[in-house]
Amino acid sequence: MSGRVTVKLKTPNPLFEQWLIEWRDKAIETNSKMQNCYGKALESLRKYPLPLQSGRDCKLLKGFGEKLCSMLDKKLVEHNKNLNSNVEGGAATNRKNSIGGREYVPQWRSGPYAILIAMFEKSLEPSYCGYMFKIDIIKGGQHLSDKSFVKPDPGSFYTAWSSMKTLLDKHLVIKRSNPAKYSLTEEGAALAHKLYSTKDNQVGEPPKNNVNSEKSSTKVKTAKKTNAKCAEKTNVVQSDANVELDKEIEAPSCSSTSTQEDSFIFAPFTFDIILLVDKQETTGNSSGPLDNATLTELAHLDVLFESRHLKVGDYTWIARHKETNQELVLPYVVERKRMDDLSHSIKDGRFHEQKFRLKQCGIQNVIYLIESHGSNTHVGLPIGSLYQAATNTYIQDGFNVKFTDDVRGTVNYFATFTSVLGNIYKNKTLISCPKQNLSEVNVDDDLISLMTFTEFNQGASKTHDFKVQELFIRQLLQLKGMSVDKALAIVEQYPTPRHLNMAYQEKGGSVGQNLLATLQHGKVNKKVGAIISKVIYQLFTSASY
């Protein structure tokens with residue numbers, strides 16, 4: 001008997017997905033705050049494996065509210081009116097490149113507009129090899145776009161390059177190979193030719209003739225409310241020609257009080273990957289650099305490392321430019337615990353507090369390394385409890401958990417990891433990016449945004465000014481049985497102690513005791529539980545606790 005065959009649709013809801021992409025891209029072009037809402041809803045929809053029949057059905061997904069579901073239903077009604085019942089299959093073929101029967105044309109000086117023209121101009125050159133790399137498209141398209149290709153606008157996560165996803169979805173551009181190579185399709189070349197033919201006639205305003213563009217009320221803004229303008233100079237180092245090119249990219253208008261650092265770019269093969277070791281991991285600042293067993297082993301294995309004071313984590317990796325010595329933090333940080341230290345941190349409350357700070361540090365990949373202590377027989381807590389804590393760290397907190405047998409095993413792990421990171425990132429183009437604008441790193445991309453080491457270390461300091469919400473989370477984490485995910489779920493519903501106290505005043509007695517019990521947290525949506533809910537209720541309502 002043959003085994004069960006499971007069929008999983010690659011795109012179970014193509015219409016909804018396409019409309020969300022269109023709304024998101026339009027929000028990006030107009031710098032609307034709705035771009036984040038559409039982006040989160042789109043991400044949630046793509047994870048759902050089954051077809052949805054209406055916008056109302058989307059309400060069960062994260063990121064979909066009443067308004068967005070209603071918008072989808074209205075769009076679906078309009079779509080069905082424009083379709084004949086017998087040509088549904090044919091309409092699906094052209095859906096990606098049309099909107100309600102109209103040809104897709106990017107907005108003037110938008111990200112897609114700049115990308116298409118830059119690629120088309122390159123294709124006209126006699127030496128064109130049939131494709132372009134990402135960095136070449138950015139160089140050729142930046143002057144054609146009002147939005148930066150490398151730096152998001154304040155309060156946004158998207159750059160002009162983000163619109164490449166739209167062009168790929170509409171089959172106007174194809175992507176292949178690693179590093180990624182981009183080429184125009186026949187449809188993309190035809191559209192780019194239309195845009196290119198009217199480019200020189202468009203000075204200060206969007207095209208009105210010759211191109212069947214979508215009607216838009218968007219105008220070129222010639223004045224801003226703020227008086228000061230910021231301009232950032234990005235030094236791009238061409239490794240193959242050994243030529244340094246000063247490229248000035250105009251940034252959005254900003255207040256004169258802004259002190260944000262200029263962005264900078266590392267071209268491939270112009271930087272070193274260095275392992276940073278926290279000084280707390282050594283025997284102290286007064287000791288020699290090789291007095292510690294870990295450092296001695298690292299030096300023996302020829303690992304490029306430095307010892308510094310890290311405000312969060314015990315180990316991380318940086319990319320340092322060989323000429324300018326500027327530093328970017330790679331998206332990996334390690335918290336190292338020996339079994340006895342893990343036991344002590346659970347007892348004194350550091351365990352949850354440190355995990356909270358690791359989650360807030362802006363590093364995408366957090367590694368929790370647990371090192372054995374002899375036979376692990378006298379470590380302060382039962383070994384089963386420690387393994388359970390490690391499991392919770394992996395399942396509930398989403399950290400990568402690594403076990404090693406001893407110091408040598410730990411050092412071998414760091415040596416191997418450092419070598420792997422060097423091989424992955426050496427041929428990448430790295431660009432600095434503020435922590436609040438960082439996007440998820442994909443090692444398949446050839447242009448990767450990273451935060452500076454200075455911002456990473458300063459932002460992770462224990463002594464910086466905390467917001468009320470951050471202090472509330474730290475307060476909750478002092479309670480026995482409270483995890484980071486539980487605290488975050490509570491604060492998401494009740495941002496400050498005042499909000500929670502007001503809720504308790506409205507709902508006293510047994511209702512108040514169970515107010516937080518049904519709140520869901522973590523990846524598996526577990527409930528906070530009645531015990532924790534009762535403890536917090538007593539903390540806020542009892543005269544003595």
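1. Two strands count as paired if DSSP finds at least two bridges between them. Keep that rule in mind for the sheet described below. The model itself is predicted.

2. Start with the whole chain. The protein chain holds 19 helices and 17 strands. It has 545 residues, and 44% of them count as buried. Take the contacts between residues at least 6 apart in sequence: 65% of these join residues at least 24 apart. The chain exposes about 29700 Å², and carbon and sulfur atoms supply 50% of that area.

3. Now the sheet. It is open and has six strands, in the order 9-8-10-11-12-13. The pairing is mixed. Strand 9 (305-308) and strand 13 (400-404) stand at the edges. Each has a single partner strand, so one side of each lacks a neighbour in the sheet. From one strand to the next, the twist averages 30 degrees.

4. A general reminder helps here. Strands of a sheet pair through backbone hydrogen bonds, and the pairing is either parallel or antiparallel. Strand 11 shows both senses, as the next two points set out.

5. How many bridges join strand 10 to strand 11? Five, and the two strands run antiparallel. Strand 10 covers residues 315-321. One bridge pairs Ala 319 with Leu 328 in strand 11. The two strands form a hairpin, with five residues between them. Look at Asn 325 in the turn: its phi is positive, about 65 degrees.

6. On to strand 12. Strand 11 (residues 327-338) and strand 12 (residues 365-371) pair in the parallel sense, over seven bridges. Tyr 332 stands opposite Asn 365 in strand 12. Glu 335 stands opposite Tyr 368 in strand 12.

7. Two helices lie against this region. Helix 10 (residues 339-348) packs on the sheet and touches strand 11, strand 12 and strand 13. The direction of helix 10 makes about 90 degrees with that of strand 11. Helix 11 (residues 350-360) lies across strand 11 and strand 12. Helix 11 runs at about 165 degrees to strand 11.

8. Is strand 11 mostly covered or mostly open? It is mostly covered: eleven of its twelve residues are buried.

9. Next, a single residue in another strand. Thr 429 sits in strand 14 (residues 429-432). Is Thr 429 buried or exposed? Its relative accessibility is 6%, and buried means under 20%, so Thr 429 counts as buried. Leave out residues up to four places away in sequence, and Thr 429 touches Ile 135, Ile 265, Phe 266, Pro 268, Asp 446, Leu 447 and Ile 448.

10. Last, a helix pair. Helix 17 (residues 497-506) and helix 19 (residues 530-541) pack at an angle of about 95 degrees. Their axes are 10 Å apart. Angles of 65 to 115 degrees count as roughly perpendicular, so helix 17 is roughly perpendicular to helix 19.

11. Which residues meet in this helix pair? Helix 17 brings Pro 497, Leu 500, Asn 501 and Tyr 504. Helix 19 brings Ser 533, Ile 536, Tyr 537, Phe 540 and Thr 541. Sorted by kind, the residues of this contact are six nonpolar, three polar and no charged.

How values were computed: Residues numbered from 1 in each chain as written. Predicted model: local features only at pLDDT ≥ 70, side-chain atom pairs only at ≥ 80, totals over all residues. Heavy atoms only, no water. Axes fitted to C-alpha atoms, helices over the stretch in contact; angles between N-to-C directions. Helix = DSSP H or I, 4+ residues; strand = E, 2+ residues; numbered from the N terminus. Parallel < 35°, antiparallel > 145°, perpendicular 65-115°, else oblique. Contact = heavy atoms within 4.5 Å. Nonpolar A, V, L, I, M, F, W, Y, C, P; charged D, E, K, R; others polar. Buried < 20%, exposed > 50% of the residue type's maximum accessible area, 1.4 Å probe, protein only. Areas by Shrake-Rupley, 256 points an atom, 1.4 Å probe, with all protein chains shown as cover.
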